[in-house]
Structure formats: structure tokens, C-alpha cells
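Q: Please take a close look at the central sheet of this model, following one strand and its partners in detail. Then place the rest of the structure around that strand.

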Amino acid sequence: MAGRTLVIGSGGAGQNTVSRIPSSLNIPIVTINTGDHGSTISMAGGNVEGCRGDQDLGWALAHDYKDDICRAVAGYSNVIATAGLGGGTGSGTIPIIEECVKENRSKMISVVSIPMHFEGPRRETAMRQMRRIIQISDRTILFDIDKMPARGGSSLPINKAIAMADEMMKEAIVRIYNMLEGPFFSTLSEKVYTIAYRSSPDPAEAAIAAMDEYLFDADPTYGKIIVTSDSIINKADSGNISTAIGNMTGIIPEVVPGRGEEDHGILLFIPISYRSLLSSTRLQVSP
Ligand SMILES: Nc1nc2c(ncn2[C@@H]2O[C@H](COP(=O)(O)OP(=O)(O)OP(=O)(O)O)[C@@H](O)[C@H]2O)c(=O)[nH]1
Ligand SMILES: [Mg+2]
């Protein structure tokens, strides 16, 4: 086995997200989808397109395929599951994946997106699904696709926003994987986080800019902030990042450097207060 951590992409969004993880990273990946989408576990027959947004159907199918899912997660201490909420397959399978993970006494980290406003009722469905996922997962990373088109002040075409969402979720998954597998050990100590991402030749500048654009309503003064990079962060940059975020929030972030040489993006994990998230105010669905 490659490591202690498995990544699962479920449903269309989940499968697209994990397909972006370079195979050179040797991250163990399993995909689950309804119908024949070239996934590791293809639920139902080849003629079935999907669950058409019916999460109960997704759940029932995943329940039928529970043995396959449990076999896939066996032996892993951590499972990172990703899906786009609002649909049937991804949202429906996560609770079954979680059952398998818990049978192993392993940890489950869910990385999920919330649909855009124009997707209408899907967004409300996703908000409900989100509460459940937060409750059953050890850690959840939330990400509102609606927050993406506003980036840079201009509106992005939908396919660009989706591609960007895939890319950011992929980044979050790889960083979490790296944190769990080392060599720089860190853990997500809060129950719920969102992320923020920026790329710049100056890591401190990127981290400061990212603090203004996290992808779900969060309270950066609550809990532990983690700043991760793909590349090595030198002592001076690390100090600048800590000082800047410390001044903004009163919290000294944990800086987790990567191993690459090239200039890559800085990704932040920003904590969300679990209590305030479960209170109704944060669950409003209108803009
Ligand atoms: N990141 C990302 N999100 C997507 C993509 N396609 C759709 N989404 C979002 O994810 C939500 C769920 O869509 P899918 O992943 O297609 O749904 P599914 O889990 O396959 O469920 P069913 O198709 O209903 O069985 C949508 O409402 C969109 O908000 C994608 O390619 N990438
Ligand atoms: Mg689908």
C-alpha cells in the first residue's frame, strides 16, 4: 500500500476533481460513480447516466455497493472523500463511505462543494446535505462554488468556474494528504474549514491576499489557521506570513511548507465555527 491515506472521488464532480491529481504523486485514488464513467466502482448498470440529483437513490445504490466500498477503504487510516453536493451520487455515497471508514476506526475527511445560486433548489438541498456531512465526518472542508465567479471582480463563464473549483479542491486534497503523510506533520484540529488560494512569486503576499478571499463564510479569528505551500518556504517568508496573519486575526498561523522548488500557490485552511455554522444564520441560501 502506498500510504495510510486514501482519496475517494464520488459522483461527477468528485471524479473530475481527483482526475486532476498527478499520478506522479502516487496518491491512492478510488472513484465511485453511477453508471459507466470509467470509475473504480461503477454502481448500477452501464446504461444508467446518474441519479439525477436524487440523493436517496445515491444512498440506496451506495448501500447496495457497500461491500465494494468497504473493501476499497480497508487498511487505510485516513480517507479523504470529495464530492459536489447538490447531486445524487456524490452526496448519497458519502454517508456509506463514512460507515465503512468508521468500521475500521479510521478518520474521514470530506471535501465538498456547494452549488452556485443559479442551480436553484440544488443549493438548498446541498446546504441540508452539508449539515449531515459535517456531523458524520471527522473534518469537513467546505467550498462554495458561488464564491468563485466573483474572483478578480469579473464574472467567469460557468465552465471556467467549475474548472477552477476542481483545481482548488484538488489542491486542498493534495495538501491534506501531504499533511497526513508528512514529512511536515500538521493536523486540521477544528471540525470545519474552508480554503483560500493565491499564487504569487512572493509567498507572504499570496497568503495575505488569500486571507481576503476564502471560499465559504468563515471566521478567521476562530481556531487554527493553516498556511500550506507546494514549495519550500524560507524562514523570512514564514515569519512575514505569521506576522501578517497574526496582525489580521490575532492568531499565529501554522505554516506547513512543501518540498517543491518552483513558485507555487499558497493555500490556507481557515476555520469555521461549528456552532455558528449549524445555527440557521449561516445556512441562508439567498444571495
Ligand atoms: N467541482 C466540480 N463541480 C461540479 C462539476 N459538475 C458539477 N459540479 C457541481 O457539483 C454538483 C453535483 O453534481 P454532480 O457531481 O454532477 O452530481 P453527482 O454526484 O454525479 O450526482 P448525480 O449525477 O445526480 O448522480 C453540481 O450541482 C455542481 O454544483 C465538476 O465537474 N466539477
Ligand atoms: Mg453524476
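A: In this predicted model, strand E6 is covered on both of its faces, for Arg139, Ile141 and Phe143 on one side and Thr140, Leu142 and Asp144 on the other are all buried. The count for the strand agrees with this, since six of the six residues of E6 are buried and the strand is mostly covered. The chain reaches E6 from E5 by way of helix H5, residues 121-136, and the β-α-β crossover made in this way is right-handed.

On one side, E6, which spans residues 139-144, is joined to strand E5, residues 107-114, by six bridges, and the two strands run parallel. Two of the facing pairs can be named: Val111 stands opposite Ile141, and Ile114 has Asp144 as its bridge partner in E6. With strand E7, residues 192-198, E6 shares three bridges, again in a parallel arrangement, and here Thr140 is found opposite Val192.

These pairings belong to an open sheet of ten strands, whose order is E3-E2-E1-E4-E5-E6-E7-E10-E8-E9 and whose pairing is mixed. At the edges are strand E3, residues 41-43, and strand E9, residues 254-256, each of which pairs on one side only. From one strand to the next, the twist averages 20°. Helix H4, residues 89-103, packs on this sheet and touches strand E1 (5-10), strand E2 (29-34), strand E4 (78-84) and E5, while its direction makes about 170° with that of E4.

Following the sheet order from E6 through E7, one comes to E10. E7 and E10 are joined by seven bridges and run antiparallel, with Ile195 standing opposite Phe269 in E10. E10 also pairs with E8, in the antiparallel sense and over four bridges, and in that pairing Val227 stands opposite Leu268. Seven of the seven residues of E10, which covers residues 266-272, are buried, so this strand is largely enclosed by the rest of the structure. As in the case of E6, both faces can be read residue by residue: Ile266, Leu268, Ile270 and Ile272 are buried on one side of E10, and Leu267, Phe269 and Pro271 are buried on the other.

Two of the elements already named, E4 and H4, also take part in the surroundings of ligand 1, where the elements that give two or more residues to the shell are helix H1 (11-19), E4, H4 and helix H6 (158-181). H1 provides the largest share, five residues. In total 27 residues surround ligand 1, and the closest are Gly11, Gly12, Gly50, Gly84 and Gly87. By character, the shell divides into eight nonpolar, 15 polar and four charged residues.

The loops offer a contrast in burial to the two covered strands. Most residues other than glycine have a negative phi. Arg52, however, has a positive phi, near 50°, without being a glycine, and its place is in the loop between E3 and helix H2, residues 55-64. With 12 C-beta neighbours inside 10 Å, Arg52 counts as exposed, because a residue with 12 or fewer such neighbours is placed in that class. A positive phi is also found at Arg105, where the angle is about 55° although the residue is not a glycine. Arg105 lies in the loop between H4 and E5, and it is exposed, with 7 other C-beta atoms within 10 Å.

A further loop residue, Thr221, is situated between helix H7, residues 203-210, and strand E8, residues 226-229. Thr221 also counts as exposed, with 12 C-beta neighbours inside 10 Å. Its contacts nevertheless reach other parts of the chain: leaving aside residues up to four places away in sequence, Thr221 touches Thr249, Gly250 and Ile251. Thr221 and Ile245, which are 24 residues apart in sequence, are separated in space by 9.9 Å from C-alpha to C-alpha.

Technical notes:
Residues numbered from 1 in each chain as written. Chains lettered and ligands numbered in written order. Predicted model: local features only at pLDDT ≥ 70, side-chain atom pairs only at ≥ 80, totals over all residues. Pairing = 2+ DSSP bridges. Axes fitted to C-alpha atoms, helices over the stretch in contact; angles between N-to-C directions. Contact = placed C-beta atoms within 7 Å. Buried ≥ 20, exposed ≤ 12 C-beta atoms within 10 Å, placed from the backbone. Right-handed = clockwise from strand over helix to strand, strands pointing away. Near = placed C-beta within 6 Å. Nonpolar A, V, L, I, M, F, W, Y, C, P; charged D, E, K, R; others polar.
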